[in-house]
Amino acid sequence: MSESAMYKMPTIDGSTESLLRLSQFAFFAVFAYWGYEEATTTADYIFPLMMGGAGLALFFSVPNARMGVTLGIPAIMVVWGLAMDEPEIMFWAVFMLIIAGSIAHLPALAIGDSSLGLDDEARVKRLGQVYVLFSVFMLFMFSSLVDAAMEGEVIDEDSDGNEIVYTIDSTEQTIGQVGLGMGVLGILVFLLTAVMGTEVGSARPWHGGLLIAGSVCLDQYIWIAIDAVGSSPIPDILLTIAACGIFILTPCIAYERSSDSSESE
């Protein structure tokens, strides 16, 4: 893409890079849909428009889109919270700084986007750090697995911010424990093999991503089992597929391709 180009048409095929970019776009599309679905006032449409615009900007490789998404979304939410006198939005601004920022950068770091201005060593190091942060945040802050595994309950909020507690049975709690264990093990496998460069048998970084993706799927299963996903589970399932794509494809592209290149040399 030339410096003067305002966007770049994405290539949609069956390659891992294309699937990773689609996973990135799907994440923002689902957030936009959730915001639209819950909007009741004109101000409520700020969030879906913001998330939809962020997804499209990244998908079409608009210049400076990653930085705009990473810093712009939290900044808008802070201003929005101050203007509406809703301090709880400040928490969500921090949440989106980590989630949106990670999702915005992981595909570019994995693929090796030249606009990052990083050499391979610095790029792979930063990828490992962002991937671990994203994984930990998704497992312990975004999923219900900790509460399901430890307390035997799932906590949600309605559109008015009121807390809803779902009590789950022993089978679903066991599934939550398995999912939490898979997620923690997956993070450890990735941390050891990718970040620390330690050999753990035949384990590869993407094996850790596969375990984390499995925990995401089990988390989604619990939400569906307790009928807490609303009238249609399709957006939630799409988000799960997108998360699995990011967790698995990112290390596949970043580390397996690097390994193949080293062997060929």
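Here are some exercises, with worked solutions, on the predicted model shown above.

**Exercise 1. Find the salt bridges and say which parts of the chain they link.**

Step 1: get the count. Searching the whole structure turns up three salt bridges. As background, side chains of opposite charge can pair when their charged atoms come close.

Step 2: start with arginine 66. Its side chain meets that of aspartate 113 in a salt bridge, at 3.7 Å from N to O. Arginine 66 sits in helix H3 (residues 65-84) and aspartate 113 in the loop between H4 and H5, so this pair ties together parts that lie 47 residues apart in sequence.

Step 3: go on to aspartate 120. This residue forms a salt bridge with arginine 123, and the closest N and O atoms are 3.3 Å apart. Both belong to helix H5; because they are three residues apart there, about one helical turn separates them.

Step 4: finish with glutamate 256. Its partner is arginine 204, with the closest N and O atoms 2.9 Å apart. Here distant parts of the chain are linked: glutamate 256 is in helix H9 (residues 234-264), arginine 204 is in the loop between H7 and H8, and the two are 52 residues apart.

**Exercise 2. Sort the salt-bridge residues into buried, partly exposed and exposed.**

Step 1: set the cut-offs. Buried means under 20% relative accessible area, exposed means over 50%, and partly exposed is in between.

Step 2: take the pairs in turn.

- Arginine 66 has 16% relative accessibility, so call it buried. Aspartate 113, at 23%, is partly exposed.
- Aspartate 120 comes in at 53%, so it goes down as exposed. Arginine 123 has just 7% and is therefore buried.
- Glutamate 256, with 21%, is partly exposed. Arginine 204, with 28%, is partly exposed too.

**Exercise 3. Work out whether the length of helix H8 fits its residue count, then look at what is buried in it.**

Step 1: get the expected span. H8 covers residues 205-225, which is 21 residues, and at 1.5 Å a residue they should span 30 Å. The sum uses one less than the number of residues.

Step 2: compare. The end C-alpha atoms of H8 are 31 Å apart, which agrees with the expected span.

Step 3: list buried positions. Among them are Pro205, Gly208, Gly209, Ile212, Asp219 and Trp223.

Step 4: look just past the helix. H8 is followed by aspartate 227, which has a positive phi, near 55°.

**Exercise 4. Describe the largest nonpolar core and the surroundings of phenylalanine 28.**

Step 1: size it up. The largest nonpolar core has 65 residues. H4 gives the largest share of this core, 14 residues.

Step 2: pick out the best-connected members. Phe27, Phe28, Ile73 and Phe134 have the most contacts inside the core.

Step 3: zoom in on one of them. Setting aside neighbours within four places in sequence, phenylalanine 28 is in contact with Met51, Ala54, Gly55, Leu58, Val69, Ile73, Ala100 and Ile103.

**Exercise 5. Locate the nonpolar surface patch and trace where its residues come from.**

Step 1: name the members. Phe91, Trp92, Val136, Phe140, Met141, Val184 and Leu188 make a patch of about 630 Å².

Step 2: assign them to elements. Helices H4 (88-111), H5 (120-142) and H7 (170-195) each give two or more residues. H5 has the largest share, three residues.

Step 3: check one member. Valine 136 is found in H5, and its 34% relative accessibility is why it counts as partly exposed.

Conventions. Residues are numbered from 1 along each chain as its sequence is written. This is a predicted model: local features need pLDDT of at least 70, side-chain atom pairs count only at pLDDT 80 or more; totals for chains, interfaces and linings use all residues. Side-chain values use heavy atoms; hydrogens and water are left out. Patches are made of residues with over 30% relative accessible area and no salt bridge: like charges are joined within 9 Å, nonpolar side chains (Val, Leu, Ile, Met, Phe, Trp, Tyr) within 5 Å. Accessible areas come from the Shrake-Rupley method with a 1.4 Å probe; for residues, only the protein chains shown count as cover. A salt bridge is a side-chain nitrogen of Lys or Arg within 4 Å of a carboxyl oxygen of Asp or Glu. Helices (H or I, at least four residues) and strands (E, at least two) are DSSP runs, numbered from the N terminus. Buried means under 20% relative accessible area, exposed over 50%, partly exposed in between (1.4 Å probe, protein chains only). A nonpolar core is a set of buried Ala, Val, Leu, Ile, Met, Phe, Trp, Tyr and Cys residues joined through side-chain atoms within 4.5 Å. Contact means heavy atoms within 4.5 Å.
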